[in-house]
There are 2 protein chains.
Amino acid sequence: KDKKVITIGIVRDLTGLSERQIRYYEERKLIFPERSSGGSRKYSFADVELLVEIANKIEDGVQTHEIRKEMLRAQKKQNQNDVTRKMIQGQLNAQFGLRKGPSS
Amino acid sequence: KDKKVITIGIVRDLTGLSERQIRYYEERKLIFPERSSGGSRKYSFADVELLVEIANKIEDGVQTHEIRKEMLRAQKKQNQNDVTRKMIQGQLNAQFGLRKGPSS
DNA sequence: AAACAGTGTCAGGAAACCTTACACAATTGT
DNA sequence: ACAATTGTGTAAGGTTTCCTGACACTGTTT
């Protein structure tokens, strides 16, 4: 689902957006395709879904600038969650976890 | 998962097969990509997995001809299951199902 | 021995993709 | 009011990717 395997033409067909729009949203740092060795963009299904969300917001008059801020906020929250989870995991390991060496 | 959105170059990278091989297996009717309006092949993730299975069998010395027969057998069984399910569904509908018209 | 299977490789051509640039209406900022 | 920015279309010129068809070659099957 996160593997980047879809070319821009297919993304165009899947989303109904123009290639111009898709590239522009990348320029505005809303989406981050990978590149083939030759330079062609490659997107994931998650990217396609994100693009649809972006397109909806833009239709609602939200600017790419605002959308980017929203995304950063959302991602920050996500990172915070990750950190929290890892800290808790670390605590659990410290209390009850197995050592790395053989526990003979 | 069954949406045909992957081009042959990506499939090559994902499977490690050569494009020649991928096209040949299609010629032998083991795989059925869709085509873009311009004629480019488009594969699904399911296709990619199937290709890997095919490649494994061929490495084991099984011929495409045999692989095709296996696939037909497997698919026949699947179809039979589908038919059975539909028949049972039909029976249930006949016994207890709603009519098509308004059930006033 | 003849036919077939599986794969590599090459050639010529078409489709798909890339970047850059100009244009232009609509919106935003000063 | 005016300048700057946003979002999108479109065109040119160039590179990458994909297509089909053909020839070659090594094994395997008939």
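In this predicted model, A:Lys29 sits in the loop that runs between α2 and β1 (34-35) of chain A. What stands out there is the backbone: phi of A:Lys29 is near 65 degrees, a positive value in a residue other than glycine. For context, most residues other than glycine have a negative phi. A:Lys29 has 13 other C-beta atoms within 10 Å, so it is classed as partly exposed. Chain B tells a matching story. B:Lys29 lies in the loop between α2 (19-27) and β1 (34-35) of chain B, and its phi, too, is near 65 degrees, positive although the residue is not a glycine. B:Lys29 is likewise partly exposed, because 13 other C-beta atoms lie within 10 Å of its own.

How, then, do the two chains relate to each other? A turn of 180 degrees and a shift of 0.1 Å along the axis lay chain B on chain A with an RMSD of 0.2 Å. The two copies are therefore related as by a two-fold rotation axis. Within chain B, the residue that comes closest to this axis is B:Ile6, with its C-alpha at 2.8 Å. The contact between the chains takes four residues from chain B and four residues from chain A. On the side of chain B that touches chain A, three residues are nonpolar, one is polar and none is charged. Since 100% of the interface residues of chain B are also interface residues in chain A, the copies meet through the same surface.

The residue at position 6 turns up again in the interior. The largest nonpolar core has 24 residues, and those with the most contacts inside it are A:Ile6, A:Leu51, B:Ile6 and B:Leu51. Both chains feed this core: α1, α2 and α3 (45-59) of chain A, along with α1, α2 and α3 (45-59) of chain B, are the elements that give two or more residues to it. Neighbours within four places in sequence aside, A:Ile6 is in contact with A:Val11, A:Lys42, A:Tyr43, A:Ser44 and A:Val48 in its own chain, and with B:Val5 and B:Ile6 across in chain B.

The DNA comes next. Around strand D there are 21 residues, of which A:Gly38, A:Thr64, B:Thr7, B:Gly9 and B:Arg41 are the closest. Two or more residues of this surface come from each of α2 (19-27) and α4 (64-96) of chain A and α1 (8-15) of chain B. Of these, α2(A) gives the most, with three residues. By type, the surface near strand D divides into three nonpolar, 14 polar and four charged residues.

Strand C shows the chain letters swapped. It has 20 residues around it, and A:Thr7, A:Gly9, A:Arg41, B:Gly38 and B:Thr64 come nearest. Here the elements giving two or more residues are α1 (8-15) of chain A together with α2 and α4 (64-96) of chain B. The largest share of the surface near strand C, three residues, comes from α2(B). Its residues split into three nonpolar, 14 polar and three charged.

One of the helices named there, α4(B), deserves a closer look. It has 33 residues and reaches 47 Å from its first C-alpha to its last, close to the 48 Å expected at 1.5 Å a residue. Of those 33 residues the number buried is zero, so α4(B) lies largely in the open.

Two spots in chain A show how residues separated in sequence come together. A:Lys57 has its place in helix α3 of chain A and counts as partly exposed because it has 16 C-beta neighbours inside 10 Å. A:Lys57 and A:Ile67 are ten residues apart in sequence, with their C-alpha atoms 7.6 Å apart in space. Beyond its neighbours within four places in sequence, A:Lys57 is in contact with A:Val62 and A:Ile67.

The other spot is A:Ser40, found in the loop between β1 and β2 (41-42) of chain A. It has 15 other C-beta atoms within 10 Å and is therefore partly exposed. Although A:Ser40 and A:Thr7 are 33 residues apart along the chain, their C-alpha atoms are separated by 7.4 Å. Setting aside neighbours within four places in sequence, A:Ser40 is in contact with A:Thr7 and A:Arg35. A:Thr7 is also one of the residues that come nearest to DNA strand C.

Key. Residues are numbered from 1 along each chain as its sequence is written. Chains are lettered from A and ligands numbered from 1 in the order in which they are written. This is a predicted model: local features need pLDDT of at least 70, side-chain atom pairs count only at pLDDT 80 or more; totals for chains, interfaces and linings use all residues. Two residues are in contact if their C-beta atoms, placed from the backbone, lie within 7 Å. Ala, Val, Leu, Ile, Met, Phe, Trp, Tyr, Cys and Pro count as nonpolar, Asp, Glu, Lys and Arg as charged, and the others, Gly among them, as polar. A residue is near a molecule or strand if its C-beta atom, placed from the backbone, lies within 6 Å of it. Helices (H or I, at least four residues) and strands (E, at least two) are DSSP runs, numbered from the N terminus. A residue is buried if 20 or more other C-beta atoms lie within 10 Å of its own, exposed if 12 or fewer, and partly exposed in between; C-beta atoms are placed from the backbone. Copies are superposed by least squares on the C-alpha atoms of residues with pLDDT of at least 70 in both. The expected span of a helix is 1.5 Å times one less than its number of residues. A nonpolar core is a set of buried Ala, Val, Leu, Ile, Met, Phe, Trp, Tyr and Cys residues joined through C-beta atoms within 7 Å.
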